[in-house]
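Reader: Hey, I've just opened this one and I'm new to it. Can you walk me through it?

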Amino acid sequence: MLDFNGQVVIVTGAGSPKGIGRTIAQTFARQGAQVVICDINQAGLDANVAEMEAMGYKVCGLSANLTDKASVDALIGDVMARFGRIDVLVNNAGVSQKVTVADMTLDDIKRVFNVNMFGLFLITQAVCEVMKQQRYGRIVHLSSVSGKRGGGVFGGAHYSASKAAVLGFSKNLAREVSQYGITTNCVCPGLINTDIWKSMPKEQADAVIAGIPMGRPGETQEVADTIVFLASREASYITGEEIDINGGSHMD
């Protein structure tokens, strides 16, 4: 068991009833962390907070629009006012869209990048200032296998490009903040058993599964467990890395 007692963990995009963010938040809470889940979906936040509180976990839900700097600054100010520190940031929030380049619009690209890259940048920038003062911090970004191999699971070229941008951003950030005791790493999930997977047409789902040596989608818990390790004190000498969680569908 990794010990997160006394640590404050922010998990973005944790307003889905069956998403990866929900599992990440519960896994950190199970290790003793005070968890802050944030999402633009207030109803989803409220439901997940109620579920976690019923389990006896320390959790609060704060609504935020990560693409708006004022909203992000207010979020971080609220967290600091309540808890006085931020030890871990998990950038889980993201959006996707299945569309070809031929049919894609500039507005489509902007919408995907606004959340997947620009929103990630805004909250990371704000949290890094807190972590620098603490001389300690862990940041884990969710990229995707699509950002490494150019799609093949779900989403268009703009999704793949945004997730590739996250990889480059994290590596450069690691060079800047390591001196402050802050690590920054990425996880790159492949096909995961979420509502997106369940919504795929059977023919498309079968084709994706055929390309996975393990022959199945991953589980949200398998992603969460990797993230929690990277955010732990035990992972203190790992930074600038990208960890594949894809059942062998992509191997570096």
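Author: Sure, we can begin with the whole chain and then go through some of its parts. This is a predicted model, where local features need pLDDT of at least 70 and side-chain atom pairs count only at pLDDT 80 or more, while totals for chains, interfaces and linings use all residues. Residues are numbered from 1 along each chain as its sequence is written, and side-chain values use heavy atoms, with hydrogens and water left out.

Reader: Okay, how many helices and strands are there in the chain?

Author: The chain has 9 helices and 7 strands. Helices here are DSSP runs of H or I with at least four residues, strands are E runs of at least two, and both are numbered from the N terminus.

Reader: And what radius of gyration does the chain have?

Author: It has 17 Å, which agrees with the value near 18 Å that a compact globule of 252 residues would have. The radius is taken over C-alpha atoms, and the globule rule is 2.2 Å times the number of residues to the power 0.38. Along the principal axes, the C-alpha atoms fill a box of roughly 50 × 35 × 35 Å.

Reader: What percentage of the residues is buried?

Author: Buried residues are 53% of the 252. Buried means under 20% relative accessible area, exposed means over 50%, and partly exposed is in between, using a 1.4 Å probe and protein chains only.

Reader: Which contacts join residues far along the sequence, and what's their share?

Author: Take the contacts between residues at least 6 apart in sequence: 76% of them join residues at least 24 apart. A contact means heavy atoms within 4.5 Å.

Reader: Let's zoom in. How many residues of α1 are buried?

Author: 9 of its 11 residues are buried, so α1 is largely enclosed by the rest of the structure. Among them are Ile-20, Ile-24 and Phe-28.

Reader: What do those buried residues pack against?

Author: They pack against β1 (8-12), β2, α2 (42-54), β4, β5 and α9 (220-230). Just after α1, Gly-32 takes a positive phi of about 100°.

Reader: And where is Ala-33?

Author: Ala-33 sits in the loop between α1 (20-30) and β2 (34-39). It is buried, with a relative accessible area of 0%. Ala-33 touches Phe-4, Gln-7, Val-9, Phe-28 and Lys-58, leaving out residues up to four places away in sequence. Gln-7 is 26 residues from Ala-33 along the chain, yet their C-alpha atoms are separated by 5.3 Å.

Reader: Switching topic: which residues of α8 are buried?

Author: In α8 (residues 202-210), those are Gln-204, Ala-205, Val-208 and Ile-209. Seen down the axis of α8, the buried residues fall within an arc of 135°, so they line one face of the helix. That arc is the one of the directions from the helix axis to the C-beta atoms.

Reader: Which ones are exposed on the other side?

Author: On the other side of α8, Lys-202, Glu-203, Ala-207 and Ala-210 are exposed.

Reader: What about Val-79, is it buried or exposed?

Author: Val-79 is buried, with a relative accessible area of 0%. Its place is in helix α3 (residues 69-83). Leaving aside neighbours within four places in sequence, Val-79 has contacts that include Val-8, Ile-10, Val-36 and Leu-62. Leu-62 is 17 residues from Val-79 in sequence and 8.8 Å from it in space, C-alpha to C-alpha.

Reader: Now the loops. Where's Gly-181?

Author: Gly-181 lies in the loop between α6 (157-177) and β6 (182-189). It is partly exposed, at a relative accessible area of 30%.

Reader: What does Gly-181 touch?

Author: Not counting residues up to four places away in sequence, Gly-181 touches Arg-135, Tyr-136, Gly-137 and Arg-138. The C-alpha atoms of Gly-181 and Tyr-136 are separated by 4.6 Å, with their positions 45 residues apart along the chain counted as the distance apart.

Reader: And what's the phi of Arg-135?

Author: It is near 60°, a positive value in a residue other than glycine. Arg-135 is found in the loop between α4 and β5 (137-142).

Reader: Last one: where is Ser-96?

Author: Ser-96 is in the loop between β4 (88-91) and α4 (106-134). It is partly exposed, with a relative accessible area of 23%. Beyond residues up to four places away in sequence, Ser-96 touches Arg-111, Phe-154, Gly-155 and Tyr-159.
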